[in-house]
Every structure is written in structure tokens, then in C-alpha cells.
Amino acid sequence: MTPSRDIARLLDIMAQLRTPGTGCPWDLEQNFATIAPYTIEEAYEVVDAIARHDLGDLCDELGDLLLQVVFHARMAEEQNAFSFGDVVEAITRKMIRRHPHVFVDQNGQLTPSDVKGAWERIKAEEKAERTARRPAEDHSHLSLLSSVKAGQPPLTRAMELQRKASSVGFDWNDPRAVLHKIREEADEIEAALDRGDKAEMAAETGDLLFALVNLARHVDADPDQALRGTNAKFERRFAYIERTLAAQGRTLEMASLAEMDALWNEAKGEELPK
């Protein structure tokens with residue numbers, strides 16, 4: 001098996017990996033649920049490569065993301081549900097349908113606003129068609145929040161849920177009120193800690209995260225971007241601790257928490273404006 005620019009080669013590789021008896025044991029034991037976290041991770045790595053303006057890395061990460069699509073399609077084909085070709089056909093049909101101004105002769109020129117309007121109308125039609133194909137459900141109550149996509153990253157979805165609720169006035173008017181809610185949630189976590197209830201601790205931690213996203217929304221900050229920045233800051237300061245200890249001929253394991261905390265504060269001090 002040799003590398004190729006042909007998608008058929010990638011499909012063949014995945015088929016071999018999933019062949020019982022001769023394939024890869026790890027690949028064979030996977031299912032949609034176990035692969036899903038990797039799919040999300042690869043999508044984030046694509047975003048990271050874009051943020052770093054690293055086009056070489058972006059090429060690699062897009063390949064990793066494509067592999068996820070191939071993996072899911074192969075597992076579906078094994079269940080006689082659909083194949084990779086069906087995935088391609090579905091998206092090409094969708095793109096042609098959503099761009100009638102490009103793929104169908106039109107009289108006159110469409111403005112960007114016309115295009116956006118057509119896109120939203122066609123998406124609504126597609127959503128209605130998908131709903132019609134699904135088993136009958138009780139639609140007596142359609143929630144305002146039903147339009148918030150379930151597949152979004154949790155922080156993003158929390159933000160969208162809050163925005164929807166805010167559109168009808170279910171919201172605080174002052175970020176300080178959100179801060180009060182954050183303190184309240186922290187107190188509830190402390191109470192759960194006192195009781196030693198792990199399930200309650202997890203639930204209260206979720207409530208605290210939700211409240212923090214609410215604060216980010218009120219101060220006009222993107223929670224994902226804010227957390228990404230804090231992650232980078234943590235890495236810088238931790239690397240400072242490692243470098244300083246290494247210069248002393250010591251390892252992390254040889255340092256006490258108090259020593260590492262002092263070095264952390266040194267790193268923090270060097271980042272502050274002079």
C-alpha cells in the first residue's frame with residue numbers, strides 16, 4: 001500500500017484497517033461513540049493551525065479530519081446504512097441546491113443580501129424535509145431553544161442557549177448580578193464537597209461553568225477564545241517553572257509546591273506591564 005492523492009486509496013486503507021482478522025485491532029474495536037471525541041479533537045486542531053497561520057500544519061490537520069469522515073462512513077457502510085459515496089452525494093446535492101445563483105441560470109445579478117436570504121430559506125426547507133423523514137414526535141410545544149444546534153462545543157452551545165433566552169428578556173441586566181450567581185454556584189460546590197457527593201459536585205461544577213459563560217457573554221468576551229488564551233498563559237508560566245528548575249539542575253519532582261508557586265508568581269510578574 002503506497003500513498004496517493006486519490007481518495008479511493010484512503011477508502012481502501014480504512015477498509016483494510018477494519019477487516020476482521022487482518023485489520024488493526026484498535027480500529028476494529030471502535031464505534032461511532034468512541035470515535036466522536038477524536039472527530040471533535042481533529043476539528044479543533046484545524047482551528048488551531050489556522051490561528052497559528054501554519055498552512056503546512058493545516059494541510060496535515062485537514063487530512064486528519066478527512067480521516068474521521070472516512071472512518072465514520074466506513075463503520076456506517078459495514079452496517080449497510082450509508083457509504084462515503086452517499087456522504088459526498090448528500091453534500092454536493094446540498095451545495096448545488098443552496099447556490100441556485102451559481103449552478104442554475106438566473107436573470108440578473110443577486111446581491112449578497114439576496115444570496116443570504118435564499119440560503120436561509122433553502123436551509124429552512126431542508127430542515128422541514130429532515131423533520132418529515134423522522135419518526136412522528138409530539139410537536140405541541142416547540143421550545144425557543146430548539147433551534148440551538150446540539151452538536152456545538154459545550155461552551156459555544158451554552159452561549160447560544162443564553163442568547164436565545166435573553167432575546168425574550170430572560171437575562172440579567174448587569175454583569176455584577178452574574179458575578180453574584182457565580183459566587184452562589186461556588187458556595188453550592190463547597191456544600192457538595194462537604195457532603196462528599198461526587199454526582200452533585202459534577203452537577204454544581206457544570207452550573208458554575210454555565211454561569212461563567214454567562215459572564216463572558218455579558219462582558220462581550222468569547223469563552224472559547226478566553227479559555228484558549230488562559231491555556232496559553234498557563235503553558236508559558238509552567239514552562240518558566242521548568243526552565244528555572246532545570247537551570248538549577250533540578251526537576252519538577254524535586255521541587256515543593258511552595259517553590260513552584262513562587263516561581264509561578266515570578267513568571268506572572270514578568271508578564272505584567274513595567
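This is a short talk about helix packing and a few individual residues in one predicted model.

Hi everyone, and thanks for coming. Some housekeeping before the helices. The model is predicted, so local features need pLDDT of at least 70 and side-chain atom pairs count only at pLDDT 80 or more, while totals for chains, interfaces and linings use all residues. Residues are numbered from 1 along each chain as its sequence is written, and side-chain values use heavy atoms, with hydrogens and water left out.

Let's start with helix H4, which spans residues 55–78. Helices here are DSSP runs of H or I with at least four residues, numbered from the N terminus. How do H3 and H4 pack? Helix H3 covers 32–51, and its axis lies 9 Å from that of H4, at an angle of about 160 degrees. That angle makes the pair roughly antiparallel. For the cut-offs, under 35 degrees is roughly parallel, over 145 roughly antiparallel, 65 to 115 roughly perpendicular, and the rest oblique. The axes themselves are lines fitted to C-alpha atoms, for helices over the stretch in contact, and the angles run from 0 to 180 degrees between N-to-C directions.

H3 passes H4 in a left-handed crossing. Left-handed means that the near helix is turned anticlockwise from the far one by less than a right angle, and right-handed means clockwise.

Two residues of H4 show this packing in detail. Glu-61 sits in H4 and, at 11% relative accessibility, is buried. The cut-offs there are under 20% relative accessible area for buried, over 50% for exposed, and partly exposed in between, with a 1.4 Å probe and protein chains only. Which residues does Glu-61 touch, leaving aside neighbours within four places in sequence? They are Glu-42, Glu-45, Val-46 and Ala-49, where contact means heavy atoms within 4.5 Å. Val-46 is 15 residues from Glu-61 in sequence, and their C-alpha atoms are 5.3 Å apart.

His-72 is also in H4. With neighbours within four places set aside, His-72 is in contact with Phe-32, Ile-35, Ala-36 and Thr-39. The side chains of His-72 and Thr-39 also share a polar contact of 2.9 Å. A polar contact is a pair of N or O atoms within 3.5 Å; within protein, one must be able to donate a hydrogen and the other to accept it, and residues adjacent in sequence count only if both atoms are side-chain atoms.

H4 has another partner, helix H1, residues 7–17. Here the axes are 10 Å apart and the angle is about 55 degrees, which makes H1 oblique to H4. H1 crosses H4 in a right-handed sense. On the H1 side we have Ile-7, Leu-10, Leu-11, Met-14 and Ala-15, meeting Leu-66, Leu-67, Val-70, Phe-71 and Arg-74 of H4.

Now to the loops at either end of H4. Most residues other than glycine have a negative phi. His-53, in the loop between H3 and H4, has a positive phi of about 55 degrees although it is not a glycine. Asn-80, in the loop between H4 and helix H5 (84–98), also has a positive phi, near 60 degrees. Are these residues buried or exposed? His-53 is exposed at 71% relative accessible area, and Asn-80 is exposed at 73%.

Further along the chain, let's look at Phe-210 in helix H10, residues 198–218. Phe-210 counts as partly exposed at 37%. Not counting residues up to four places away, Phe-210 touches Ala-158 and Gln-162, both of which are among the H8 residues that meet H10. Helix H8 runs over residues 154–166, and its axis comes within 9 Å of the H10 axis, crossing at roughly 65 degrees. The two helices are therefore roughly perpendicular, and the crossing is right-handed. The H10 side of this interface consists of Phe-210, Val-213, Asn-214 and Arg-217.

Last item, cysteines. How many disulfides does a search of the whole structure find? Zero, counting a disulfide as a pair of cysteine sulfur atoms within 2.5 Å. On accessibility, Cys-24 is partly exposed at 25%, whereas Cys-59 is exposed at 53%.

That's it from me, and I'm happy to take questions.
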